[in-house]
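Colleague: Before I rely on the terms used for this protein, I would like to go through some of them with you and hear how each one is justified.

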Amino acid sequence: MTRSGPTLAPAPGPHHGPGTGANAATGFPGIFDPWQVHARDSAFIRARDGYLATIRHDPGPPEYFAASDLDPGAYDRWLDHIWPATGCTHPIRLGGQIHHVDLATGEILTTTPTSAMPDGVIYKACGNRRSSACPSCAETYRRDAFQLLRAGLIGGKGIPEHVSAHPAVFATFTAPSFGPVHTRPVRLHTCASKAHCTCKPEPCHARRDTETCPHGRKLACFTRHRRDDPKLGQPICPDCYDHATHVVWNNNTGELWRRTKQAIERHLNQLARHRGLAYGVRVSHGKAAEYQARGAVHFHVLLRLDGLDELDPARLLPPPPGLTVADLEDAIRHAATITYLTPPHPAMPSGWLIVWGTELDVRVITMRGTGTVTDLMVASYLAKYSTKGTEVTGHTSARLTPATVELHADATGTHAERLIHTCWRLGAHPDYRSLQRWAHMLGFGGHFLTKGRYYSVTFAVLRAARISYRRTQDPGPEHGPIRTADQAAEETTLIVGNLTYAGTGWKTTGDALLASTAADQARKRREAGNEELTGQYNSATSQQAA
């Protein structure tokens, strides 16, 4: 008997290859052996057979068969089961038991083993923030970051709307120079987007003389580099470049920012006392880190000026009259000159001087949607970079160990390999252990997105709101409401999972193909809906204007 499959995988006809990845035991029928299966073939087999079902015989070995033999909707059940992880590149597989507990009595009402579920496991999205590791999870993180950052500028999500009247600036703190590198200087941008710049650049390092460094390399470069030139960010002389100061600076950026933030607030509070203002001030921030092509980190920061109630620090107050955005900018430029020395190291007995670079950019943020720097633009900008990593430097790896560091570190290799080698060499000192821990990040060990305690909501609040929404929404006429009675404030049953790690990734490439296709279709439906709503809004706005 032949039956038609779902839309994502139409019935392929007879197949003789192995099927979906039930690879946890032996003795399966051939269709469940996943090895040597093309992605298309394994996807068709998954759609045809659904998942591996078992009948246990005691005594005797269990019997395995295709779930579709008993349930024509087996594939749909599998797709519903893996839906929370669709689109994820490396989902986490969890096995164990799920208990439903009565909150009033503590009694376990039911227990469901994952072995009774499709594939015998629960699929959970990896949640990786890096777009190079998992584009789907990174997109979710980016959207949350955008909402978090923008709420701190205009209010909403539990933040008072009056924060939109607080003075706010967008500042970029850069790293100092550790040696000349190949660049693409553009004096005046005439293109629409600097991210896709088509302007003609100036020569990289034009010089009238032909001076050479102590290693015999010319210090001039007359090349007008393309945007995709692999030389961008590479030292003109790798042997002259100060790799040690570079990685130590990356490693200390968190402490440098902490001191800078303190200096900004102290400067503003001294100014408030000098002017006799009624109460003090606090600077709230949202910050994203970005790697330059040379491997140095710089910070993009949103800084909002608030008032401070010392008896109730959690209360959001407008800044006292008498302080303006110009005062905030002056405080930032004053604090950007702060310096400090690291602990002594055999390679630098006096310690390394940690200081910001000379290129400090401070711009006022407008909240009316007009101007060169708006709340929408800066929130989008920081959210985008919160999903990036070291990809721009040409290096990506997991955390390094003594067994793997030699694969990525080389004292005479590429620029990134030299930086990693320097991290590992300097990190042998007890006071610099973190350099070895963060060698795969070229010394930087901070978070890529951080915020002040009172700047905005937290990721946890946004995730809880999304979970509550998904539980209560009506997905369409083909499905009923999802747990409509299971509201966050009205739950009477506690769900406790006793789960253990069972693996990472989809069982077959066909499963990954089907999950990604399902996520893509859902994403396109959402985008089409957003476009329709935008069109309706624009139409209504035009009619009102007419």
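Modeller: Let us begin with helix α4 (residues 243-251), in a model that is predicted. Eight of the nine residues of α4 are buried, so this helix is largely enclosed by the rest of the structure.

Colleague: Which residues of α4 are buried, and what do they pack against?

Modeller: The buried ones are His243, Ala244, Thr245, His246, Val247, Val248, Trp249 and Asn250. They pack against α5 (253-274), β8, β10 (353-355), α8 (415-426) and α9 (433-437). For the protein chain as a whole, 42% of the 546 residues count as buried.

Colleague: What makes the number of disulfides in this structure what it is?

Modeller: The structure holds zero disulfides, and the term asks for two cysteine sulfur atoms within 2.5 Å. The sulfur of cysteine 237 has its closest cysteine sulfur in cysteine 240, at 3.4 Å, and is therefore too far away for a bond. For cysteine 221 the closest cysteine sulfur belongs to cysteine 204, and at 4.0 Å that pair is likewise too far apart for a bond.

Colleague: Are these cysteines, 237, 221 and 204, buried or exposed?

Modeller: The cut-off for buried is a relative accessible area under 20%. Cysteine 237 has 4% and is therefore buried; cysteine 221, with 9%, is buried, and cysteine 204, with 7%, is buried as well.

Colleague: Where does cysteine 204 lie, and what does it touch?

Modeller: Cysteine 204 belongs to the loop between β6 and α4. Leaving aside residues up to four places away in sequence, cysteine 204 touches Val181, His182, Thr183, Pro185, Cys221, Phe222, Thr223 and His225. Valine 181 is 23 residues from cysteine 204 along the chain, and their C-alpha atoms are separated by 8.8 Å.

Colleague: How do you know that the span of helix α3 (residues 135-154) agrees with its number of residues?

Modeller: The expected span is 1.5 Å times one less than the number of residues. For the 20 residues of α3 this should give 28 Å, and because the end C-alpha atoms are 28 Å apart, the two values agree. After α3 comes glycine 155, whose phi is positive, near 90 degrees.

Colleague: Which residues of α3 are buried, and what covers them?

Modeller: Among them are Cys137, Tyr141, Asp144, Phe146, Leu148, Leu149 and Leu153. The cover over the buried residues of α3 includes β6, β7, β8, α7, β12 and α10 (459-472).

Colleague: Several of those strands belong to one sheet, I believe. What makes β11 and β12 its edge strands?

Modeller: The sheet is open, with five strands in the order β11-β6-β8-β7-β12 and antiparallel pairing. Strands β11 (361-364) and β12 (449-451) each pair on one side only, and that is what is meant by an edge strand here. On average, neighbouring strands of this sheet are turned by 15 degrees against each other, direction ignored. Helix α7 (residues 375-385) packs on the sheet and touches β6 (168-173), β7 and β8, its direction making about 50 degrees with that of β7.

Colleague: How do you know that β7 and β8 are paired?

Modeller: Pairing requires at least two bridges. Strand β7 (residues 280-291) is joined to strand β8 (residues 297-308) by 12 bridges, so the two count as paired, and they run antiparallel. Glutamate 290, for instance, stands opposite histidine 298 in β8.

Colleague: What forms the hairpin that involves β3?

Modeller: Strands β3 and β4 form it, with five residues between them, and glycine 106 in the turn has a positive phi of about 80 degrees. Five bridges join β3 (residues 92-102) to β4 (residues 108-113), which run antiparallel, and isoleucine 98 has threonine 112 in β4 as its bridge partner.

Colleague: Why single out the phi of aspartate 119 and of lysine 157?

Modeller: Most residues other than glycine have a negative phi. Aspartate 119, although not a glycine, has a positive phi of about 70 degrees, and phi of lysine 157 is also positive, near 60 degrees. Aspartate 119, in the loop between β4 and β5 (122-124), has a relative accessible area of 13% and is therefore buried. Lysine 157, in the loop between α3 and β6, has 47% and so is called partly exposed.

Methods:
Residues numbered from 1 in each chain as written. Predicted model: local features only at pLDDT ≥ 70, side-chain atom pairs only at ≥ 80, totals over all residues. Heavy atoms only, no water. Buried < 20%, exposed > 50% of the residue type's maximum accessible area, 1.4 Å probe, protein only. Helix = DSSP H or I, 4+ residues; strand = E, 2+ residues; numbered from the N terminus. Axes fitted to C-alpha atoms, helices over the stretch in contact; angles between N-to-C directions. Contact = heavy atoms within 4.5 Å.
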